[in-house]
Each structure stands twice: as C-alpha cells, then as structure tokens.
Amino acid sequence: MTNEHTHHHDHGPGHNHAHHDHLHSHVHGGGKQERLEELKVLSTAFVDGFRNAADKTSYLRLSGIPFSRSGTDELKMHLVDVNITANWQIGTGSPAFGSRELVYLPYPGEMVSERETMTFTYVSLTERVDIDLTELLKDRTEEKEG
C-alpha cells in the first residue's frame with residue numbers, strides 16, 4: 001500500500017509516547033473537510049461492524065484487510081492484533097506566550113467528546129508496525145478514485 005501511516009512503538013517501561021502524539025484516528029494533510037467527514041463515517045461504520053461480527057476474522061477478510069505485508073526489511077509481517085481504544089477529550093492545552101508552561105483549558109461537560117482508534121498490529125521476527133484504520137481506508141478510497 002502507498003502512503004501508510006505507521007507507528008513503531010517502544011514497549012519498554014512506561015510505554016513512552018514521546019516520539020508520536022497519535023491520540024486518535026485521523027487523516028494527515030490538508031484534505032477537504034468533507035473528505036475527513038467521509039473517512040470518519042466509514043471508520044465508525046467499520047468499527048461498529050467489527051464489534052458486531054460473530055466471526056471477526058471473516059469480517060476482516062471480507063473487508064479486504066491484509067493478513068500479511070512486507071516489513072521494511074522485506075520479511076513477511078503477519079496481522080496478530082486488532083485494537084479498539086476509546087478516548088475522551090476533557091480539555092486542551094496550548095503553548096503560553098513567553099512561558100514554558102501550557103495554557104490548560106478544561107472542557108465543560110457538554111464539550112467532552114469521545115473518539116475511538118482502531119489499529120492493526122503486524123509483526124515479524126524483527127519488526128512491529130501498528131497501522132491506523134483511517135490510513136487503510138484513506139489508501140483504499142484514494143485507489144478507487146484514481
């Protein structure tokens with residue numbers, strides 16, 4: 001696949017996320033708002049379908065999710081895990097002018113929002129790659145349009 005968005009994780013003590021700030025499924029780049037909304041709808045439907053599928057493996061096969069792929073060292077990587085994570089954004093932080101502190105803005109209850117990520121974990125003897133669902137959907141929908 002082209003233009004894959006991958007995350008290589010160091011799963012040492014503390015599970016440090018300092019090298020990436022990937023907190024939710026999203027599309028990178030300056031795409032149009034309607035394109036982002038389309039991918040959001042598609043990913044929500046996909047996650048719901050996966051949750052409700054009696055046979056998760058068959059659902060993934062019918063959906064065209066690859067069960068293997070080549071790693072960066074050309075070794076075959078295999079799909080070993082599918083992870084769905086729910087997050088609730090309860091506030092935001094941004095750099096303060098002239099300070100090393102963040103300006104923290106907690107959200108009132110009605111502004112708290114839930115978002116989910118779905119990642120596919122592929123492994124070989126030498127590598128682990130987590131691929132976000134929205135990247136798989138983005139690649140597949142762009143291939144059909146082009």
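**Exercise 1. Find which residues make up the aromatic cluster that includes Phe-46, and look at one pair in it.**

Phe-46, Phe-50, Tyr-59 and Phe-120 form one aromatic cluster. Before going on, a word on the model: it is predicted, with local features needing pLDDT of at least 70, side-chain atom pairs counting only at pLDDT 80 or more, and totals for chains, interfaces and linings using all residues. Residues are numbered from 1 along each chain as its sequence is written, and side-chain values use heavy atoms, leaving out hydrogens and water.

Step 1. Count the pairs: there are 3 aromatic pairs in the structure. Rings of Phe, Tyr and Trp (its six-membered ring) pair if their centres lie within 6.5 Å; planes under 30 degrees apart are stacked, over 60 edge-to-face, and the rest tilted.

Step 2. Pick Phe-46 and Phe-120: their rings are edge-to-face, 6.4 Å centre to centre with 70° between the planes.

Step 3. Place them. Phe-46 sits in helix H1 and Phe-120 in strand E6, so this pair ties together parts 74 residues apart in sequence. Helices (H or I, at least four residues) and strands (E, at least two) are DSSP runs, numbered from the N terminus.

Step 4. Check burial: both Phe-46 and Phe-120 are buried (under 20% relative accessible area; exposed is over 50%, partly exposed in between; 1.4 Å probe, protein chains only).

**Exercise 2. Work out how strand E6 is joined to E7.**

Step 1. E6 (residues 113–123) and E7 run antiparallel, joined by 5 bridges; strands pair if DSSP finds at least two bridges between them.

Step 2. One bridge to find in the viewer: Thr-119 has Asp-132 of E7 as its partner.

Step 3. The connection is a hairpin through 4 residues.

Step 4. In E7 (residues 128–132), 4 of the 5 residues are buried, so the strand is largely enclosed by the rest of the structure.

**Exercise 3. Is Ser-63 buried or exposed, and what does it touch?**

Step 1. Find Ser-63 in the loop between H2 and strand E2 (68–70).

Step 2. Its relative accessibility is 16%, so Ser-63 counts as buried.

Step 3. Look for a polar partner: a polar side-chain atom of Ser-63 lies 2.7 Å from the backbone oxygen of Tyr-59.

Step 4. Leaving aside neighbours within four places in sequence, Ser-63 is in contact (heavy atoms within 4.5 Å) with Phe-46 and Arg-140. That brings back Phe-46, a member of the aromatic cluster.

Definitions and conventions: A polar contact is a pair of N or O atoms within 3.5 Å; within protein, one must be able to donate a hydrogen and the other to accept it, and residues adjacent in sequence count only if both atoms are side-chain atoms.
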